[in-house]
Amino acid sequence: MTDAGFFARRYGPPPREDRPAVVLVHGLGLSGRYFVPLARRLAAGGAGVVVPDLPGNARSRAVVYRAPEVGQLADALAGLHRRLSPGPSVLVANSVGCQVAAALAARHPHLVSRLVLVGPALEPGVSGWRQFARLVADAPKEPLGLLSLAAFDYLVTGPLRCAASFGRALRDAAGSFEGNLSRVRAPTLVVRGTGDTIATGTWTRRVAGMVADGRAEEIPGAAHGAHYSAPDAMAALIEKFTVGETG
């Protein structure tokens, strides 16, 4: 389906006032496809799930002429939310998508009931080259299915668009990200795989400490794409965290 000018997938029942949607937010240059295993698992548990391709990425690439800033992505996602959900949602984001989710929760707090940040990337103070080296080190730890899916999405989004988005995300990490986190009032769960070389344990615990109500968890054996390689474990964490929100 398309809505708010960009593409989104839907799984499970329609959102209701008493059953908020779960919105899954992908990382840089990717599409929502790598969230599909988790979306199906959450939908099987009764959740209504929305999985967009953010403007400028994959099937929503043509929505914009240039790579949006992180804040612009957050505002676009807020517009989609208003069209699809009657109440606040549970927001689940991965990697650079965590910066978009944090911006949305800070700028539109009434739209977010709970926040789950999976492997927040681009740690402030870490250079772009070092961040890229962390990504390269993580790749051998990921399932081949995720690597092939990501490679296809990067080609569809385009290398120049990916590079521009990376630059914008680095600026956000150096400027607004930590400030946005400090303004988040929704209960927040920060998750990483124990093998994640991109989001370190020290950084994820720091993220959990920056929000008003945060805690950190780890999934043994998973890497940066823990939601893809361990969807059952990730769904169990989310369902436990959101009990009373989606049930």
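What share of the 247 residues of the protein counts as buried? In this predicted model, 58% of the 247 residues count as buried, a term that means under 20% relative accessible area with a 1.4 Å probe and protein chains only. Residues are numbered from 1 along each chain as its sequence is written. Local features need pLDDT of at least 70, and side-chain atom pairs count only at pLDDT 80 or more, whereas totals for chains, interfaces and linings use all residues.

The protein holds 10 helices and eight strands, which are DSSP runs numbered from the N terminus (helices H or I, at least four residues; strands E, at least two). Along its principal axes, the C-alpha trace spans about 45 × 40 × 35 Å. Among contacts (heavy atoms within 4.5 Å) between residues at least 6 apart in sequence, 79% join residues at least 24 apart.

In helix α2, the buried residues include V70, L73, L77, L80 and L84.

The largest pocket is an open set of points on a 1 Å grid over the protein atoms alone, where a 1.4 Å probe fits and protein lies on both sides within 12 Å along at least five of seven lines; its lining residues have an atom within 4 Å of a point. The pocket is lined by 27 residues, of which L28, S95, L135, Y154 and I198 lie nearest its centre. Helices that give two or more residues to this lining are tabulated here.

| Element | Residues |
|---|---|
| α4 | 128-138 |
| α5 | 144-157 |
| α6 | 159-175 |

Of these, α4 gives the most to the lining, with five residues.

Methods:
Side-chain values use heavy atoms; hydrogens and water are left out. Buried means under 20% relative accessible area, exposed over 50%, partly exposed in between (1.4 Å probe, protein chains only).
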